[in-house]
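Student: Please take me closely through one part of this model, starting from a single aromatic side chain and working outward to whatever surrounds it. I would like the cut-offs behind each term as you go.

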Amino acid sequence: MADTERIDSERYFVPAFLQMRKNQYLLTVLLMLGFALLGFLISLFMKPVYEAESVLITNFNVVQGDNVTEIMIDSQLGIIGELMYSKPIVDEVLESENSVGNPLDLAQLKKISTIERRLMSTLILVRNTDPEIATRIANTWMISAFTHLSEAYDHALLVSEAKETLTLIEKCKDTDAFKESNLCKSLDIQKLDELNSTAQQSIKQETPKALGLTKEIQISQYQLATEPQEPVQGKRANLILAGALIGLVFSFILQEMPVSKKSVRA
């Protein structure tokens, strides 16, 4: 009979916690309570982290027949995300925080912030142990970004208009069918040269100010962050629960050790 039990024990794996005695169940409970208490003590010294979220809402104007592709849309939204860390925008955020007694530099700002994309919107997420500071930074950042990007969009419209003028000039010069249009007939060679020169000059002046944006993407509006009430890290209840689970797992590991298994067989 003993040999049969030995063969069965070698052939099948039975977790040790299913064979525990009363005192061993008590050990598991004590470990869970002990680690839960440790999580509680850690929460007393660890400051919770809050996250504020502001949203920039954009819209893409797609006209049927235009050569706007999904790659172009993705590229424009990617540019907006990169422009969130552009010097004019970031400098305003840093100056605003320094003026209220919160010294902050670019490295620290990048460390506490994340720029995310959600469909056609761009999110600014700022984390801090003080929910008021996190909200203030996120909102200052969003207002500055909206102002600068709206100005850049105005310059992007001028660039697009100049490029359309150049396209029109090329058609009037090279396309026979288009030459017969009333628009082209109203423009002589001198007028076309003047339009060409003006358009080229406009593109040179306005392109750097457009910051890579095009007329298709529209900076619609923004939503300011509200002060967060619940922390995303360091919540006391979560630390206590994590401690209890760690104690449970530790007790399972302890029960599988050879010494514990011998005590169960005994």
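Tutor: Y85 is partly exposed, because its relative accessible area is 26%; on this scale buried means under 20%, exposed means over 50%, and partly exposed lies in between, computed with a 1.4 Å probe on protein chains only. Before going further, note that this is a predicted model, in which local features need pLDDT of at least 70 and side-chain atom pairs count only at pLDDT 80 or more, while totals for chains, interfaces and linings use all residues. Residues are numbered from 1 along each chain as its sequence is written, and side-chain values use heavy atoms, with hydrogens and water left out.

A pair of aromatic rings is described by the distance of the centres and the angle of the planes. Rings of Phe, Tyr and Trp (the six-membered ring of the latter) pair if their centres lie within 6.5 Å, and the planes count as stacked when under 30 degrees apart, edge-to-face when over 60, and tilted for the rest. By this rule there are two aromatic pairs. One of them joins Y85 to W141, with 5.4 Å from centre to centre and 70° between the planes, and is edge-to-face. This pair links distant parts of the chain, since Y85 lies in the loop between α3 (70-83) and α4 (87-99), W141 lies in helix α6, and 56 residues separate them; helices here are DSSP runs of H or I with at least four residues, strands are runs of E with at least two, and both are numbered from the N terminus. Whereas Y85 is partly exposed, W141 has 0% relative accessibility and therefore counts as buried. Y85 has a further partner in K110, whose charged end sits over the ring, 5.8 Å from the ring centre; the criterion is that NZ of Lys or CZ of Arg is within 6 Å of the ring centre and within 35 degrees of the ring normal.

Helix α6 (residues 131-174) also holds S144, which is buried because its relative accessibility is 3%. Leaving out residues up to four places away in sequence, S144 touches P88, I89 and E92, where contact means heavy atoms within 4.5 Å. With E92 the link is also polar, side chain to side chain, at 2.7 Å; a polar contact is a pair of N or O atoms within 3.5 Å, and within protein one must be able to donate a hydrogen and the other to accept it, with residues adjacent in sequence counting only if both atoms are side-chain atoms. Helix α4 contains E97, which counts as buried because its relative accessibility is 0%. With neighbours up to four places away again left out, E97 touches N102, L104, I133, R136 and I137.

Beyond these helices, four strands form an open antiparallel sheet in the order β2-β3-β1-β4, where two strands pair if DSSP finds at least two bridges between them. Because β2 (113-118) and β4 stand at the edges with a single partner strand each, one side of each is left without a neighbour in the sheet. Strand β1 (residues 50-60) is joined to β3 (residues 121-128) by eight bridges, and among the β3 partners are I124 for S54 and V126 for A52. On the other side, six bridges join β2 to β3, and I115 is bridged to I124. Seven of the eight residues of β3 are buried, so this strand is largely enclosed by the rest of the structure.

The strands β2 and β3 form a hairpin with two residues between them. Most residues other than glycine have a negative phi, and most peptide bonds are trans. Against that background, L119 in the turn has a positive phi of about 55° although it is not a glycine, and L119 is exposed, because its relative accessible area is 72%. L211, in the loop between α9 (189-210) and β4, likewise has a positive phi, of about 60°, and is not a glycine; at 36% relative accessibility L211 counts as partly exposed.

For the wider setting, the protein chain comes to eleven helices and four strands, and buried residues make up 33% of its 266 residues.
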